Amino acid sequence: MTYFQPYKGSTLLFDEQPARFTQPRLLLVNAPLLKKLGLAENSTDHLAELLSGQRKLGDIAPMSLAYSGHQFGQFNPLLGDGRAHLIGGIKGLDGTQYDLHLKGSGATRFSRGGDGFCALGPAVREFVMSQAMVGLGVPTTECLSVVTTGEQVYRQGQTPGAVVCRVAQSHIRVGTMQYLATQQDNEAIWQLLKLLGAQLFDGLEVNTERDVIELFREVCERLVDLVVDWMRVGFIHGVMNTDNILLSGETIDYGPCAMMEKFNFNAVFSSIDRQGRYAFGNQPNIMNWNCARLAESLLVLWQDEQQGLEALSHTLAEFSESFNRKYKDMWAAKLGIDEWHEADDILLGDLLKLMTEHELDFTNTFAALTNSLLGHPNKTLRIPSELESWQQRWQQRRAADAAHLMSQANPILIPRNALVEAEIEQFNQHGASHTLAAWLNALTTPYEYKDYPEAWMSSSTPEHYQTFCGT
């Protein structure tokens, strides 16, 4: 197995030692990912030590990453890994390079007075949500493991501590480029763009300003794809700050996230998003805004600033064009329409209006439409009676292969908020769960239409439900 130091020689990296834990215990492990990384042959004790920062990955020294970030629109020039350690990289059995990043492994120079630890609940949330997103086909970082530390952390009371190992193709964020720009470290920006081009974008060589534009375009396209996928499955990220947007186009940070059940473009669950900045329907505009912040950071590379501004602005304008096209394609697939016509805007608008007025479940509504075309393999799903008149219009419009289109776009299962909370409570109370394995296994194939336990499909988000960052 090949280990490597990610971003070697970069000015982003700072030597940091994880906290010492005397009783690390491997609580949850993503077995397929463990195998893909070539780590499956290690003992449970070895993995518990490695994935809590007690043992090095080869001879690689743990590091923390520096980055800036716009947090709810307010710029902080220096954030960085306040409770995380980059323990190294692995070239997986599939030939892809991955970063291994621990969260909750102790304080760093960026902790700003925090303890650097993670409570068990947020760790369980990340394990469940990231695996569910893989099943849903949404690009994401993956949680490899949850290791309990044997110690207690203090948040709104005393709770078990845990360390998450997060795996990504890259941990370079929009905020990373903002940090380097504030440092006026143009050489480091060029170095990082060369690395990203080679590692993430099919060997794209980044040597000129024209190459920078091409990489920027590729990043924007990935982020368009990501936010369209979020909306397709009803995912609300909750904290789309620039330090939580990866240039690789992978979802990162499952702290205050939630799934939308009752359809509402204004749905928001994050306890710290009091103005609804990151509500479900705002996510495309915010992603565009974040791409604009990336463009500002890259602008420092141009000798002719006006020329750079024009080039980056032109490319940024493509974000809206690309999103609008892919957004319609997404709704077309969810409705089983092979080619979108102008009149379909009305058909979709009427459906979403009915769903909003009658508080219909987003996932179940589209799953019921799909289920009806598949011959009702799931016996409990029924198209809501409120859609009876609309359904007749849809039946006349849908394509001949609508069942195929819709069964690939509309999951029948999602990680329901109440079920995620129930699993967290099980682990907090008992240190284990007897229900997680079966549910998580089903979430790996959420487009398989068949009968499931009613609780797995029930719209049961509590009234006034809130999610939290977990810090």
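Here is a walk through a predicted model, from its annotated binding-site residues to a pair of packed helices.

Let's start with what the record says. In an unreviewed UniProt entry, one "binding site" annotation covers G80, G82, R83, K103, D115, G116, R166, R173 and D253. You might picture these residues huddled together, but they span 174 residues in sequence and their farthest two C-alpha atoms are 23.5 Å apart, so they do not all gather at one spot. A "binding site" annotation from an unreviewed entry also covers the pair N244 and D253. Let's visit a few of these places.

Take G80. You'll find G80 in the loop between β6 (74-76) and β7 (84-91). Is G80 buried or exposed? Residues under 20% relative accessible area are called buried, and G80 has a relative accessibility of 8%, so G80 is buried. Who does G80 touch, once you skip the neighbours within four places in sequence? The answer is L65, A66, Y67 and F110.

Next, hop over to K103, which belongs to strand β8 (residues 97-103). With 10% relative accessibility, K103 is buried as well. Again leaving out residues up to four places away in sequence, the contacts of K103 are R83, A84, C118, E126, A162, V163, V164 and R166. Look for R83 and R166 in that list, because both also appear in the longer annotation from the record. One partner deserves a second look: the side chains of K103 and E126 are joined by a polar contact of 2.6 Å.

Now for the loop between β12 (235-236) and β13 (258-259), where N244 sits. D253 is found in the loop between β12 and β13 too. N244 has a relative accessible area of 8% and is therefore buried, while D253, at 17% relative accessibility, also counts as buried. What links the side chains of D253 and N244? They make a polar contact of 3.4 Å. N244 has another polar neighbour: a polar atom of its side chain lies 3.0 Å from the backbone oxygen of V239.

Try tracing the wider surroundings of these two residues. Not counting residues up to four places away in sequence, N244 touches R173, H237, V239, I252 and D253. With its neighbours within four places in sequence left aside, D253 is in contact with R166, H237, V239 and N244. So H237 and V239 turn up in the contacts of N244 and of D253.

Stay in the loop between β12 and β13 a little while, and you'll meet T251. T251 has a relative accessibility of 1%, so T251 counts as buried. A polar atom of its side chain lies 2.8 Å from the backbone oxygen of P139. Residues up to four places away in sequence aside, T251 touches M133, V138, P139, T140, T141, L226, W230, F235 and H237.

Finally, let's look at two helices. Two packed helices are described by the angle between their axes and the distance between the axes. Here the pair is α10 (residues 362-373) and α11 (residues 388-397), whose axes come within 13 Å and cross at roughly 55 degrees. That makes α10 and α11 oblique to each other, and the crossing is right-handed. Which residues make the contact? On α10 they are L369, S372 and L373, and on α11 they are W390, W394 and Q395.

Notes. Residues numbered from 1 in each chain as written. Predicted model: local features only at pLDDT ≥ 70, side-chain atom pairs only at ≥ 80, totals over all residues. Heavy atoms only, no water. UniProt positions renumbered as here; feature names shortened; annotations may be inferred. Helix = DSSP H or I, 4+ residues; strand = E, 2+ residues; numbered from the N terminus. Buried < 20%, exposed > 50% of the residue type's maximum accessible area, 1.4 Å probe, protein only. Contact = heavy atoms within 4.5 Å. Polar contact = N/O pair within 3.5 Å; in protein donor to acceptor, adjacent residues only side chain to side chain. Axes fitted to C-alpha atoms, helices over the stretch in contact; angles between N-to-C directions. Parallel < 35°, antiparallel > 145°, perpendicular 65-115°, else oblique. Left-handed = near helix turned anticlockwise from the far one by under 90°.
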